[in-house]
Amino acid sequence: MLITLNIEGMHCTGCQNRIQNALSNQPTIKNLQVSLENHQATFELTDEGSLDSIVELLTDLGFTVTDIQKGS
Ligand SMILES: [Cu+2]
(Lines give C-alpha, C1' and ligand atoms only; values in the text may rest on other atoms or scores of the structure.)
Protein backbone atom coordinates (compact mmCIF):
# COMPACT_ATOMS: atom_id res chain seq x y z
CA MET A 1 0.00 0.00 0.00
CA LEU A 2 1.25 3.45 -0.91
CA ILE A 3 1.41 5.72 2.13
CA THR A 4 2.07 9.44 2.42
CA LEU A 5 2.63 10.91 5.86
CA ASN A 6 2.59 14.59 6.68
CA ILE A 7 5.25 15.10 9.33
CA GLU A 8 5.37 18.12 11.58
CA GLY A 9 8.73 19.10 13.03
CA MET A 10 10.89 18.37 10.00
CA HIS A 11 12.75 21.68 9.75
CA CYS A 12 16.11 21.01 8.13
CA THR A 13 18.13 18.43 6.24
CA GLY A 14 19.25 16.99 9.62
CA CYS A 15 15.63 16.18 10.45
CA GLN A 16 15.11 14.86 6.95
CA ASN A 17 18.13 12.56 7.29
CA ARG A 18 17.00 11.25 10.68
CA ILE A 19 13.61 10.35 9.22
CA GLN A 20 15.21 8.92 6.10
CA ASN A 21 17.57 6.74 8.14
CA ALA A 22 14.95 5.54 10.61
CA LEU A 23 12.40 4.62 7.96
CA SER A 24 14.83 3.09 5.51
CA ASN A 25 15.88 0.67 8.27
CA GLN A 26 12.37 -0.73 8.36
CA PRO A 27 12.11 -3.96 6.35
CA THR A 28 8.41 -3.25 5.73
CA ILE A 29 9.12 0.01 3.90
CA LYS A 30 10.06 0.20 0.22
CA ASN A 31 10.65 3.06 -2.23
CA LEU A 32 11.02 5.65 0.49
CA GLN A 33 11.06 9.33 -0.41
CA VAL A 34 11.33 12.00 2.28
CA SER A 35 10.55 15.56 1.19
CA LEU A 36 11.77 18.38 3.40
CA GLU A 37 9.97 20.90 1.21
CA ASN A 38 6.57 19.22 1.56
CA HIS A 39 7.16 17.83 5.06
CA GLN A 40 6.15 14.45 3.77
CA ALA A 41 7.38 10.89 3.68
CA THR A 42 6.06 8.66 0.91
CA PHE A 43 6.67 4.93 0.79
CA GLU A 44 5.31 1.56 -0.09
CA LEU A 45 4.31 -0.40 3.04
CA THR A 46 4.42 -4.17 2.61
CA ASP A 47 1.40 -6.28 3.62
CA GLU A 48 3.09 -7.31 6.86
CA GLY A 49 3.89 -3.71 7.74
CA SER A 50 2.25 -1.91 10.64
CA LEU A 51 1.52 1.74 10.00
CA ASP A 52 0.97 2.31 13.72
CA SER A 53 4.52 1.24 14.51
CA ILE A 54 5.89 3.57 11.81
CA VAL A 55 3.95 6.50 13.28
CA GLU A 56 5.17 5.52 16.75
CA LEU A 57 8.76 5.41 15.52
CA LEU A 58 8.48 8.96 14.17
CA THR A 59 6.83 10.11 17.39
CA ASP A 60 9.70 8.62 19.40
CA LEU A 61 12.10 10.65 17.24
CA GLY A 62 10.24 13.82 18.21
CA PHE A 63 8.13 14.33 15.11
CA THR A 64 4.35 14.50 14.82
CA VAL A 65 2.43 12.76 12.07
CA THR A 66 -0.42 15.14 11.25
CA ASP A 67 -1.97 13.36 8.30
CA ILE A 68 -1.95 9.93 6.70
CA GLN A 69 -2.91 9.39 3.08
CA LYS A 70 -3.37 5.87 1.83
CA GLY A 71 -3.20 5.06 -1.85
CA SER A 72 -3.65 1.70 -3.55
CU1 LIG B 1 16.17 19.72 11.70
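In this predicted model, isoleucine 7 makes a convenient starting point. Leaving aside neighbours within four places in sequence, isoleucine 7 is in contact with Ile19, His39, Gln40, Ala41, Leu58, Phe63 and Val65. Several of these names return in the largest nonpolar core, which counts 11 residues: Leu5, Ile7, Met10, Ile19, Leu23, Val34, Ala41, Phe43, Ile54, Leu58 and Phe63. At least two residues of this core come from each of strand 1, helix 1, strand 3 and helix 2. Such a grouping is in keeping with a general tendency: in soluble globular proteins, nonpolar side chains tend to be buried together.

The wider frame around this core is easily followed along the chain. The protein chain holds 2 helices and 4 strands, and read from the N terminus these elements follow the order β-α-β-β-α-β. With a radius of gyration of 11 Å, close to the 11 Å that the globule rule gives for 72 residues, the chain is as compact as a globular protein of that length. The C-alpha trace spans about 30 × 20 × 20 Å along its principal axes. Buried residues account for 17% of the 72 in the chain. Contacts across long stretches of sequence are well represented: among those between residues at least 6 apart, 56% join residues at least 24 apart.

The sheet comes next. Its 4 strands are arranged in the order 2-3-1-4, forming an open sheet with antiparallel pairing. Strand 2 (29-35) and strand 4 (64-70) each have a single partner strand and stand at the edges, so one side of each is left without a neighbour in the sheet. On average, and with direction ignored, neighbouring strands of this sheet are turned by 20° against each other. As a general point, strands of a sheet pair through backbone hydrogen bonds, either parallel or antiparallel.

Strand 1 can be followed towards both of its partners. Strand 1 (residues 2-8) and strand 3 (residues 40-45) are joined in the antiparallel sense over 5 bridges, while 6 bridges connect strand 1 with strand 4, again running antiparallel. Asparagine 6 takes part on both sides: this residue stands opposite glutamine 40 in strand 3, and its bridge partner in strand 4 is aspartate 67. Elsewhere along strand 1's pairings, leucine 2 has glutamate 44 of strand 3 as its bridge partner, and leucine 5 is matched with isoleucine 68 of strand 4. Strand 4 itself lies largely in the open, because the number of its 7 residues that are buried is 0.

Both helices pack on this sheet. Helix 1 (residues 13-24) touches strand 1, strand 2 and strand 3, and the direction of helix 1 makes about 175° with that of strand 2. Helix 2 (residues 51-60) touches strand 1, strand 3 and strand 4, and the direction of helix 2 makes about 155° with that of strand 4.

Two residues deserve a second look for their backbone geometry. In general, most residues other than glycine have a negative phi. Asparagine 31, although not a glycine, has a positive phi of about 55°; this residue lies in strand 2. Asparagine 31 counts as exposed because it has 9 C-beta neighbours inside 10 Å, where 12 or fewer is the cut-off for that class. Histidine 39 likewise has a positive phi of about 55° without being a glycine, and its place is in the loop between strand 2 and strand 3. The surroundings of histidine 39 contrast with those of asparagine 31: histidine 39 is buried, with 20 other C-beta atoms within 10 Å, and that count meets the cut-off of 20 or more. Histidine 39 is also one of the residues in contact with isoleucine 7.

A final reference position is glutamate 48, in the loop between strand 3 and helix 2. Glutamate 48 counts as exposed, with 7 C-beta neighbours inside 10 Å. Its C-alpha atom is separated by 23 Å from that of isoleucine 7, and the two residues are 41 residues apart along the chain.

Definitions and conventions: Residues numbered from 1 in each chain as written. Predicted model: local features only at pLDDT ≥ 70, side-chain atom pairs only at ≥ 80, totals over all residues. Pairing = 2+ DSSP bridges. Axes fitted to C-alpha atoms, helices over the stretch in contact; angles between N-to-C directions. Contact = placed C-beta atoms within 7 Å. Core = buried A, V, L, I, M, F, W, Y, C linked by C-beta atoms within 7 Å. Rg over C-alpha atoms; globule rule 2.2 N^0.38 Å.
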